[in-house]
Structure formats: structure tokens, C-alpha cells
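Work through the exercises below with the sequence and the structure open beside you. Try each task before reading its solution.

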Amino acid sequence: MRLTLTVTTTDRRTYDVHTSLGVIVDWERKFQRRAGDLAAGFYIEDLAYLAYASEKRAGDTSTDFDTWLAHVEHIEVKDTQESHPTDAVPTVGN
């Protein structure tokens with residue numbers, strides 16, 4: 001499972017972070033939930049923690065979660081699924 005999250009800070013910077021297996025495991029341990037539970041619904045804190053843990057593992061922050069969160073205005077999941085439209089195929093008799 002890999003998510004791309006777009007983070008907007010209180011000073012209006014916007015950037016993407018990408019989760020990894022280690023980040024998902026961190027989240028599971030902290031919140032005592034399974035990664036599959038995210039598909040059924042999640043709290044905003046879940047997204048915030050995933051973004052924070054991604055940054056922490058990448059070495060982009062050294063602050064604690066609450067300090068980091070105080071500088072975040074918005075987080076959203078970025079749709080990274082590629083569109084694969086199919087071409088029309090003639091059917092028998094057409």
C-alpha cells in the first residue's frame with residue numbers, strides 16, 4: 001500500500017509525501033489498527049500521522065508530531081491511479 005498525500009502548511013507551502021511499508025507499520029503500531037481499516041474510513045489524524053511519519057523517515061522533520069501538526073493547514077490524499085480507458089471494439093454484426 002502506497003499513498004501520496006498533499007500537505008499544505010500554514011505558510012501556504014504545498015508538497016507531496018509518499019508513504020512506505022515502514023510508515024504504514026508505524027501507523028498500525030501507534031493506532032492499533034490494520035492498514036485495511038483505512039479503506040473502511042479514516043480520521044484526519046490518520047492522514048496527518050501518515051504524512052508526518054513519511055517526513056520523519058525521510059529525514060525532513062525532527063520535531064514531534066504535535067509540533068509538526070501545528071504548522072499544517074490541510075492534508076489530502078492525491079489520486080495517483082492512472083486512467084486506462086479502453087478503446088471501443090466492434091462487436092459481431094457491427
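**Exercise 1. A helix and its surroundings**

Task: Find how far H3 reaches from its first C-alpha to its last, and compare this with the span expected at 1.5 Å a residue.

Solution. The model is a predicted one. Helix H3 covers residues 44–58. H3 has 15 residues, and the expected span is 21 Å. From first C-alpha to last, H3 reaches 21 Å, close to that expectation.

Next, look at which residues of H3 are covered. The buried ones are Asp46, Leu47, Ala48, Tyr49, Leu50, Ala51, Tyr52, Ala53, Ser54 and Glu55. These buried residues pack against E1, E2, H1, H2, H4 and E3. Just past the end of H3, Gly59 has a positive phi of about 80 degrees.

**Exercise 2. The nonpolar core**

Task: Which element supplies the largest share of the largest nonpolar core?

Solution. Start with the members. The largest nonpolar core has 21 residues, and those touching the most other members are Leu5, Val7, Leu50, Ala51, Trp68 and Ile75. At least two residues of this core come from each of E1, E2, H1, H3, H4 and E3. H3 gives the largest share, seven residues.

Then take Ala51 as an example. Leaving aside residues up to four places away in sequence, Ala51 touches Leu5, Val7, Val17, Trp68 and Ile75.

**Exercise 3. A strand with two neighbours**

Task: Which residues lie on each side of E1, and are they buried or exposed?

Solution. Side chains in a regular strand alternate between the two faces of the sheet. In E1, one side holds Thr4, Thr6 and Thr8, and the other holds Leu5, Val7 and Thr9. Both sides are covered, since all of these residues are buried. The count agrees: six of the six residues of E1 are buried.

Now find the partners of E1. E1 and E2 run antiparallel and are joined by five bridges. Within this pairing, Leu5 has Val17 of E2 as its bridge partner. E1 also pairs with E3, in the antiparallel sense, over six bridges. There, Thr4 stands opposite Lys78 of E3.

**Exercise 4. Positive phi in the loops**

Task: Where are Arg12 and Gln32 found?

Solution. Most residues other than glycine have a negative phi. Arg12 is not a glycine, yet its phi is positive, at about 70 degrees. The loop between E1 and E2 holds Arg12. These two strands form a hairpin with four residues between them. Arg12 is exposed, because its relative accessible area of 57% is over 50%.

Gln32 is another residue other than glycine with a positive phi, near 55 degrees. Gln32 is in the loop between H1 and H2. With a relative accessible area of 66%, Gln32 is exposed.

**Exercise 5. Salt bridges**

Task: How many salt bridges are there, and which parts of the chain does the pair of Arg57 and Asp26 tie together?

Solution. Side chains of opposite charge can pair when their charged atoms come close. The cut-off between nitrogen and oxygen is 4 Å. By this rule there are six salt bridges.

- Arg13 pairs with Asp11, with the closest N and O atoms 3.7 Å apart. Arg13 is partly exposed at 47% relative accessibility, and Asp11 is exposed at 51%.
- Arg12 pairs with Glu73, with the closest N and O atoms 2.5 Å apart. This pair links distant parts of the chain, as Arg12 is in the loop between E1 and E2, Glu73 is in E3, and they are 61 residues apart. Glu73 is partly exposed, at 45%.
- Arg57 pairs with Asp26, with the closest N and O atoms 3.0 Å apart. Arg57 lies in H3 and Asp26 in H1, so this salt bridge ties together parts 31 residues apart in sequence.

**Exercise 6. Aromatic pairs**

Task: Is the pair of Trp27 and Phe31 stacked, tilted or edge-to-face?

Solution. The structure holds seven aromatic pairs. In the pair of Trp27 and Phe31, the ring centres are 6.1 Å apart and the planes stand at 40 degrees, so the pair is tilted. Trp27 and Phe31 are four residues apart in H1, about one helical turn.

Phe31 also pairs with Tyr49: the centres are 5.5 Å apart and the planes at 80 degrees, an edge-to-face pair. Phe31 is in H1 and Tyr49 in H3, so the pair ties together parts 18 residues apart in sequence. Tyr49 is buried, with a relative accessible area of 12%. Trp27, Phe31, Tyr49, Tyr52, Phe65 and Trp68 form one aromatic cluster.

Technical notes
Residues are numbered from 1 along each chain as its sequence is written. Side-chain values use heavy atoms; hydrogens and water are left out. A salt bridge is a side-chain nitrogen of Lys or Arg within 4 Å of a carboxyl oxygen of Asp or Glu. Buried means under 20% relative accessible area, exposed over 50%, partly exposed in between (1.4 Å probe, protein chains only). The expected span of a helix is 1.5 Å times one less than its number of residues. Contact means heavy atoms within 4.5 Å. A nonpolar core is a set of buried Ala, Val, Leu, Ile, Met, Phe, Trp, Tyr and Cys residues joined through side-chain atoms within 4.5 Å. Two strands pair if DSSP finds at least two bridges between them. Rings of Phe, Tyr and Trp (its six-membered ring) pair if their centres lie within 6.5 Å; planes under 30 degrees apart count as stacked, over 60 as edge-to-face and the rest as tilted.
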